[in-house]
Amino acid sequence: MSSYSSGILMSSFASLLAAGRRFLFDGAMGTMLQRRGLGPGESPEAFCLAHPDVLEGIHADYAAAGADILTTNTFGGTRYKLPKGIAVFDFNRRMARVARKVAENAGRAAGRPIFVAGSIGPSGLFLHPLGDISFEDMVKAYTEQIRGLMEGGADFLLAETQFDIAEARAIVHAVRRECSLPVAVSMTYEGNATLTGSSVAVCSATLANMGVDLLGVNCSAGPVEMRPVAEELLATSPLPVLIQPNAGLPELEGDETRFPLEPEDFARLTAAFARAGSQAVGGCCGTTPEHIASLARQVAGLPLPERRPDFGGIAVSSRSSLVRIGKGQPFCLVGERINPTGKKTLSLELQAGEMTSAMTLAHEQIAAGASILDVNVGAPLVDETTLLPELVARLVAGPGHPLCLDSSNVEAIASALTVYPASCLVNSISGEAGRMEILGPLCRDFGVPFILLPLCGRELPVTAGERIRIVEDLLVRMEDLHIPRRLALVDVLALAAASSEGAGKDCLEFIRYCAQTLHLPTVCGLSNISFGLPARELINAAFLGLAAGAGLTACIANPGSLRIAEILDVTRMLMGQDQGAERFIVRYAGRREDPTSGRSSAGGGPETDLSTFPSSGGSPASMEEAVISGRRDHIEALVRTALDAGEDPFSLVGERLIPAITEVGAKYERKEYFLPQLIRSAETMQAAFALLRPLLEKDRRAEKRRTIVMATVEGDIHDIGKNIVCLMLGNHGFQVVDLGKDITAADIVAAAEEHDAAIIGLSALMTTTMVRMRDSVELIRRKGLNKKVMVGGAVVSEAFARSIGAYYAKDAVDAVRVALELSREEEPG
């Protein structure tokens, strides 16, 4: 037996990771390929297929520098990014085999294991409902790549530089469906959130629910700029952490992009993350074998990181928010009202495929304080498998609050899970024959918590002991199916006190058992306890107080109930979940009690608060509110109402719609809004414009729309940012000619001449392609054309824009501002 195949060298990546072993990842691939012959705009994938010896040499240099992990050159290895003519499976297999060969040879020589990470980069597309790609299509695309990486010998799979939690989730799902290899996910952040508005905490909780093995952050920043995100990741992740900064922020010197941090400075700054508890560190853009060698010296001999304990409850997330349910967490109210039972109007609308009332109920419940929205479409004659995912998609694109999918139809839940971007809650899994075996693995593989219902057979478990036996049996069945307990939220099964004198007492006993013995969070359907009795709200409120004291962590109820709101405010304050009683004081400081009756008089309390959410609850009252809150479902009716009232179409655009979308832009710049909200508001504005445009064009006051040509430069196939800029420019009155991606300077300038465009907008995401922006500027100069060029993209800076004679826009909102300023410069007088 060779030395490479003996002892520690036989240890798997997963076992060493679980044992707390620290790993040193390699550095940048693109930087090294450019140094060794990759031309500007040339495909790294095609280059390495033609020059495998160059790739082998880069891997060998990183191994010699001390890297424990060699990352395959497959970042763009999906059908969405590979150049035509390159087969996905074959390409990924060949790239992985090159890395595998170097890892084995270098590992033998060094007497240590060197592992291969199969790199999976982002697709550059958005999943439905934010984009047009279905979850299943994206999973299939990544499955092709995963199969090639597996066949080529990858030890684990690394989804890196991910900017959308929904896509990261699709990749993990594809891995889990295809193989048992460990999977690491590394997100990239702009400030404190991803491009689509997910915080570090949301990403950590969602990916932990999916059972990934390693959670990281890479790219977009150097070690100094990455520090706040890295610190939050180390504080919130229950998983081992990987941190891979760039060698500083990119700078342009002539036609070459360079990263300023020298190896020793990079290593000193990055090693601080290892000292703070990161189990794996490495480099991203601009780093070289010299950077990794310096980092290896800095982290040598550091103590192994301590394990961070899980917080012990469940985590429910949307793309932009996180709700934790468990001991020590704020009591959670799940809004129950999107349910057709007893609601004739809602039932009729759902039967007709209409969702206006459901959306209104969602906004009202959020305004009233619901943390999660229960969604049930089970009306007679409704096809839940079609309607539940449709409504979930609308709610994801609308309020964006965490959801609870409430259905007995497993197919409906499965369909809805493909359009939900993060970790929703599923209601519910019981002891019913086959329910755990079918729905349990589905929840496990999608990483979604579920309500565990202590029901088995036709008889209701009346006593606490009966419920305990059923739940313990369900937990054993979960373990047999490898479903982690961290996904379980136990329903305490509140029964009607009218039919059983001990209903309340048994329920409280069961709550205590779950909290103190099983250490599981609990929830109850609150209204059940009062069924058949008078003064139901009074009973519900009193029981809620008792149950919270016994350890109940959540309830499903009507958030609009004043008594429930009051009890929850008091409960959170008395249980230390309202720091400094600040929330309670704000809501009740003006409240006065009647000393004889104990009843309160005017001057405070929830009754005043619940009416102060004009932009969140119910239907929007104005076009401005509809645009700002992204209520596309209401904008056409509001525009028609204004026109019917005699309002001038030009005034509607200039005095109401444009100021509204400008306010959306301001919210985006202040980081109050993120990409999903920006897109939702822009699409709402677009719908209003579509209705008004025929009227505007008929009017003699209609001015010629300013034209701007937009393109992603030659060699770059990323167009998400450019597409958003196009959408925003269109909403501000520009005629946008979108040429697409990978467009040559000659074609860009020709289109600008053909359409008489005074402005050209150029986008690039890669350091290797941003230099192509200069081509368009120089061609315009050579032709003597009077056209302004605006540039932007993740790697583009204001200094680079100035150096090539262009104008810089940092994001879509800024692009509108720059384009408007440039247009004004072109106006005569």
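Colleague: Why does Arg 297 count as exposed?

Modeller: Its relative accessibility is 55%, and exposed means over 50%, so Arg 297 qualifies. Keep in mind that this is a predicted model.

Colleague: What makes Glu 264 and Arg 297 a salt bridge?

Modeller: Their side chains meet at 3.0 Å, N to O. The rule asks for a nitrogen of Lys or Arg within 4 Å of a carboxyl oxygen of Asp or Glu, so the pair passes. The two partners come from distant parts of the chain, with Glu 264 in helix α10 (residues 263-275) and Arg 297 in helix α11 (residues 289-299), 33 residues apart.

Colleague: And why is Glu 264 called partly exposed?

Modeller: Its relative accessible area is 42%. Buried means under 20% and exposed over 50%, with partly exposed in between, so Glu 264 takes the middle label.

Colleague: How do you know that Asp 473 and Arg 477 form a salt bridge?

Modeller: The N to O distance is 3.7 Å, and the limit is within 4 Å, so this pair counts too. Both residues lie in helix α17 (residues 464-480), four residues apart, about one turn of the helix.

Colleague: Why do Asp 473 and Arg 477 get their burial labels?

Modeller: Asp 473 has 38% relative accessibility and counts as partly exposed. Arg 477 has a relative accessible area of 17%, and the cut-off for buried is under 20%, so Arg 477 is buried.

Colleague: What makes Arg 817 and Glu 821 another case?

Modeller: Their side chains meet at 3.1 Å, N to O, in a salt bridge. Both lie in helix α32 (residues 812-826), four residues apart, about one turn of the helix. Arg 817 is partly exposed at 38%, and Glu 821 is partly exposed at 37%. Elsewhere, salt bridges that share partners join Glu 663, Lys 667, Arg 670 and Glu 672 into one network. The count of salt bridges in the model comes to 36.

Colleague: Let's turn to the rings. How many aromatic pairs are there?

Modeller: A search of the whole structure finds eight. One of them is Phe 13 with Phe 156, at 3.9 Å centre to centre and 10° between the planes.

Colleague: Why is that pair called stacked?

Modeller: Ring centres must lie within 6.5 Å, and planes under 30 degrees apart count as stacked. With 3.9 Å and 10°, Phe 13 and Phe 156 meet both conditions. Phe 13 lies in helix α1 (residues 13-18) and Phe 156 in strand β4 (residues 156-162), so the pair ties together parts that are 143 residues apart in sequence.

Colleague: Are these two rings buried or exposed?

Modeller: Phe 13 is buried, with a relative accessible area of 2%, and Phe 156 is buried at 0%.

Colleague: What makes the pair of Phe 126 and Phe 163 edge-to-face?

Modeller: The planes stand at 85°, with the centres 6.2 Å apart. Edge-to-face needs over 60 degrees, so the name fits. Phe 126 sits in the loop between β3 (115-120) and α6 (135-152), and Phe 163 in the loop between β4 and α7 (165-178), 37 residues apart. Both Phe 126 and Phe 163 are buried. Ring pairs also link Phe 13, Phe 23, Phe 25, Phe 115 and Phe 156 into a cluster.

Colleague: How do you know that Arg 706 lies over the face of Phe 734?

Modeller: Arg 706 is at 4.5 Å from the ring centre. The distance limit is within 6 Å, and Arg 706 is found to lie over the face of the ring.

Colleague: Why is β3 described as largely enclosed?

Modeller: Six of its six residues are buried, so the rest of the structure largely encloses β3. Phe 115, Ala 117 and Ser 119 point one way, while Val 116, Gly 118 and Ile 120 point the other way. In a regular strand the side chains alternate between the two faces of the sheet.

Colleague: What makes β2 and β3 a strand pair?

Modeller: Strand β2 (residues 69-71) and β3 share three bridges in the parallel sense. A pair needs at least two, so they qualify. Thr 71 stands opposite Ala 117 in β3.

Colleague: And why are β1 and β2 called edge strands?

Modeller: The open sheet of eight strands runs in the order β1-β10-β7-β6-β5-β4-β3-β2, with parallel pairing. The strands β1 (23-24) and β2 each pair on one side only.

Notes
Residues are numbered from 1 along each chain as its sequence is written. This is a predicted model: local features need pLDDT of at least 70, side-chain atom pairs count only at pLDDT 80 or more; totals for chains, interfaces and linings use all residues. Side-chain values use heavy atoms; hydrogens and water are left out. Rings of Phe, Tyr and Trp (its six-membered ring) pair if their centres lie within 6.5 Å; planes under 30 degrees apart count as stacked, over 60 as edge-to-face and the rest as tilted. Helices (H or I, at least four residues) and strands (E, at least two) are DSSP runs, numbered from the N terminus. Buried means under 20% relative accessible area, exposed over 50%, partly exposed in between (1.4 Å probe, protein chains only). A charge sits over a ring if NZ of Lys or CZ of Arg is within 6 Å of the ring centre and within 35 degrees of the ring normal.
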